[in-house]
Amino acid sequence: MLLLSGVSAIRRVPNPYLAILAVLLAGSIAGCDREKQPDGQAGQGQANISAGQAKGLGQFEHIVDRSHKSEAAPTVTFRGPDDAPATLASFRGRPLLVNLWATWCAPCVAEMPTLDALAAKSGERMTVIAVAQDVQGAEIVDPWFQKAGLKALQPYIDPENGLLDAANSALPTSIYYDAAGRELWRVVGAIDWQGAEAKALLAEGAS
């Protein structure tokens, strides 16, 4: 198991990706365990990863992973704010940023205000959704949203962790898809979505 800033990050199958992360970041990324699954192992991923660090609202640490570029968005079903089933395919037609997070994940919660600000500014050019991986679903996520005072994000939930399993990643993970539903890059760890690095990443999908 790889320890990121003293917190373990879950991936399922041992892979050279672990060694890459260790060499690049010396265990510095803030990541979260999968809820109620503390014995998971690190999973798949490959090189073409760049280390990154965003500063703002404290210090957010992350990596930018481009090894999944051009992969199609998973077909997993999750639940929308109205409790209706949703898939990533329903958002096609414009770029989509999907943030996988949980209420119990401190780095996830720390970056959420900056993600909400991004969602508020995105308008028609891009869709931003945050899909909670809490196994208790709406029971815990809806009250959190009510207290958080977010203005743009809505409480999507994935209590079966289908999207997290498909991503084979740790929390938080944010994946950027183009208008056709193909992945461009993902950020593993927390980032300031109002910072210069995030703006440069998002500009890649604007052309």
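**Exercise 1. Disulfide bonding**

Determine how many disulfides this predicted model contains, and characterise what is found.

*Solution.* Step 1: a search of the whole structure returns 1 disulfide. Step 2: the partners are Cys-105 and Cys-108, with an S to S distance of 2.4 Å; the cut-off for a disulfide is within 2.5 Å. Step 3: the torsion about the S-S bond of Cys-105 and Cys-108 is about 75°, and the disulfide is therefore right-handed. Step 4: as to solvent exposure, Cys-105 and Cys-108 are both buried.

**Exercise 2. The environment of Leu-100**

Establish in which element Leu-100 lies, whether Leu-100 is buried or exposed, and which residues it touches beyond four places in sequence.

*Solution.* Step 1: Leu-100 belongs to strand β7, which spans residues 96-101. Step 2: its relative accessible area is 2%. Since buried means under 20%, Leu-100 is classed as buried. Step 3: leaving aside residues up to four places away in sequence, Leu-100 touches Val-131, Gln-133, Leu-163, Leu-164, Ala-167, Leu-171, Pro-172 and Thr-173. Step 4: Leu-100 and Ser-174 are separated by 74 residues in sequence, yet their C-alpha atoms lie 6.0 Å apart in space.

**Exercise 3. Internal cavities**

State how many cavities of 30 Å³ or more are present, and describe the lining of the largest cavity.

*Solution.* Step 1: the count is 1 cavity of 30 Å³ or more. Step 2: the space in the largest cavity amounts to about 30 Å³. Step 3: its lining consists of Ala-73, Leu-88, Phe-91, Arg-92, Arg-94, Leu-96, Tyr-177, Asp-178 and Gly-181. Step 4: sorted by character, the lining of the largest cavity comprises 5 nonpolar, 1 polar and 3 charged residues. Gly counts as polar in this scheme.

**Exercise 4. The chain as a whole**

Summarise the secondary structure, burial and contact pattern of the chain.

*Solution.* Step 1: the chain contains 5 helices and 11 strands. Step 2: of its 207 residues, 51% are buried. Step 3: for contacts between residues at least 6 apart in sequence, 69% join residues at least 24 apart.

**Exercise 5. Confidence of the prediction**

Identify what the pLDDT values indicate for the chain, and where pLDDT stays under 50.

*Solution.* Step 1: the chain has a mean pLDDT of 80, and 71% of its residues reach 70 or more. Step 2: pLDDT stays under 50 over residues 1-28, a segment for which the model has 90 contacts beyond four places in sequence. Step 3: pLDDT also stays under 50 over residues 37-58, with 73 such contacts in the model.

Methods
Residues are numbered from 1 along each chain as its sequence is written. This is a predicted model: local features need pLDDT of at least 70, side-chain atom pairs count only at pLDDT 80 or more; totals for chains, interfaces and linings use all residues. Side-chain values use heavy atoms; hydrogens and water are left out. Buried means under 20% relative accessible area, exposed over 50%, partly exposed in between (1.4 Å probe, protein chains only). On a 1 Å grid over the protein atoms alone, a cavity is a set of points where a 1.4 Å probe fits but cannot get out, and a pocket is an open set with protein on both sides within 12 Å along at least five of seven lines; lining residues have an atom within 4 Å of a point. Grid points are joined across faces, edges and corners, and a volume is the space filled by probe spheres set on the points. pLDDT is the predictor's confidence in each residue, from 0 to 100. Contact means heavy atoms within 4.5 Å. Helices (H or I, at least four residues) and strands (E, at least two) are DSSP runs, numbered from the N terminus.
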